[in-house]
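This briefing covers helix packing and the nonpolar cores of the model shown below.

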Amino acid sequence: MHIKSISSYAEYAHYLDKSPTEFKELKDSLTINVSEIFRDPTVWKAFQTRIMPTIIREKIKTSQREVKIWSAGCADGEEAYTIAISVIDALSYNLRAFKIEIVATDIDLQSLDRASQGVYSPTRLKLASHSVLQRFFTPVAGGNLRLCDEVKRLVTFQQHDLFTSAPRSGFDVISCRNVMIYFSRELQQGLFRNFYQALSSGGYLIVGKVESPLGEYATPFKCIDLAERIYQKV
Ligand SMILES: C[S@@+](CC[C@H](N)C(=O)[O-])C[C@H]1O[C@@H](n2cnc3c(N)ncnc32)[C@H](O)[C@@H]1O
């Protein structure tokens with residue numbers, strides 16, 4: 001409203017109705033796309049060393065060879081690629097024995113475009129270890145780094161609004177971090193209901209450090225790690 005020199009909500013609503021480009025600009029400025037590769041490193045340590053090995057043991061026991069993960073609200077792809085790198089490290093030489101499917105979704109098309117490119121500035125990579133940078137990234141023009149195809153090929157990006165039904169079901173893990181804090185309690189409850197339905201039995205839900213399953217959906221999720229906000233569908 002300030003940029004357009006509009007002083008009342010009614011006038012701005014009227015302007016929005018008339019201007020489809022303004023609607024797009026408003027949406028882009030409301031979606032906060034800040035993220036980093038290995039944002040909150042301890043979460044991904046727990047995911048790699050505890051959650052993934054448990055999932056793999058269970059898959060081997062039940063002769064299943066597919067692991068399905070959803071990064072919901074993936075911004076520029078940092079979280080989805082962090083998951084992919086953690087999966088590669090957790091599976092090690094077993095990687096080829098499994099079909100890994102990481103579905104990464106966001107409402108913001110510009111973010112998804114940047115995500116598919118997999119090119120990041122050093123500020124988005126400052127939490128990645130030296131060995132991760134050496135192994136999975138190569139320097140490109142402008143001081144940026146490009147992610148290698150071995151990681152990129154594990155991730156499929158798709159536009160999706162979290163307030164519609166899940167892009168698929170039967171996920172072993174859903175990560176929705178630092179997205180729900182922007183929504184009201186009622187909206188968050190609806191999202192937890194969607195995640196519960198989209199998870200396989202015993203599947204894991206990872207949320208941000210200040211987020212947690214609320215209300216009627218507090219019970220069907222068991223807290224596996226309170227500090228890292230990892231929950232399990234029961
Ligand atoms: C702060 S980023 C979080 C990125 C990443 N999950 C992380 O923790 O670093 C929030 C993302 O949620 C997306 N988002 C906001 N509302 C959404 C919606 N209704 N459906 C899907 N994505 C949404 C935004 O576009 C933005 O990319």
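In helix α8, the buried residues (under 20% relative accessible area with a 1.4 Å probe, protein chains only) are Q188, Q189, G190, L191, F192, N194, F195, Y196 and A198. The model is predicted: local features need pLDDT of at least 70 and side-chain atom pairs pLDDT 80 or more, while totals for chains, interfaces and linings use all residues. Residues are numbered from 1 along each chain as its sequence is written, and side-chain values use heavy atoms, without hydrogens or water.

**Helix α8**
- Helix α8 covers residues 185-198, and its 14 residues reach 20 Å from first to last C-alpha, close to the 20 Å expected at 1.5 Å a residue.
- Its buried residues pack against strands β1 (66-72), β7 (171-176), β8 (199-207), β9 (221-225) and β10 (230-233).

**Helices α1 and α2**
- The axes of α1 (residues 9-18) and α2 (residues 20-30), lines fitted to C-alpha atoms over the stretch in contact, come within 5 Å and cross at roughly 115°.
- That angle makes α1 roughly perpendicular to α2 (65 to 115 degrees).
- Y12, Y15, L16 and K18 of α1 meet P20, E22, F23 and L26 of α2, in contact meaning heavy atoms within 4.5 Å.
- The residues of this contact are six nonpolar, no polar and two charged.

**Nonpolar cores**
- The largest nonpolar core (buried Ala, Val, Leu, Ile, Met, Phe, Trp, Tyr and Cys joined through side-chain atoms within 4.5 Å) has 44 residues, and F47, I100, I102, F137, V155 and F157 have the most contacts inside it.
- Beyond its neighbours within four places in sequence, I100 is in contact with V67, V87, L91, L95 and L154.
- A second, separate core has 19 residues, including F171, V179, M180 and L199.

Technical notes
Buried < 20%, exposed > 50% of the residue type's maximum accessible area, 1.4 Å probe, protein only. Helix = DSSP H or I, 4+ residues; strand = E, 2+ residues; numbered from the N terminus. Expected span 1.5 Å × (residues − 1). Axes fitted to C-alpha atoms, helices over the stretch in contact; angles between N-to-C directions. Parallel < 35°, antiparallel > 145°, perpendicular 65-115°, else oblique. Nonpolar A, V, L, I, M, F, W, Y, C, P; charged D, E, K, R; others polar.
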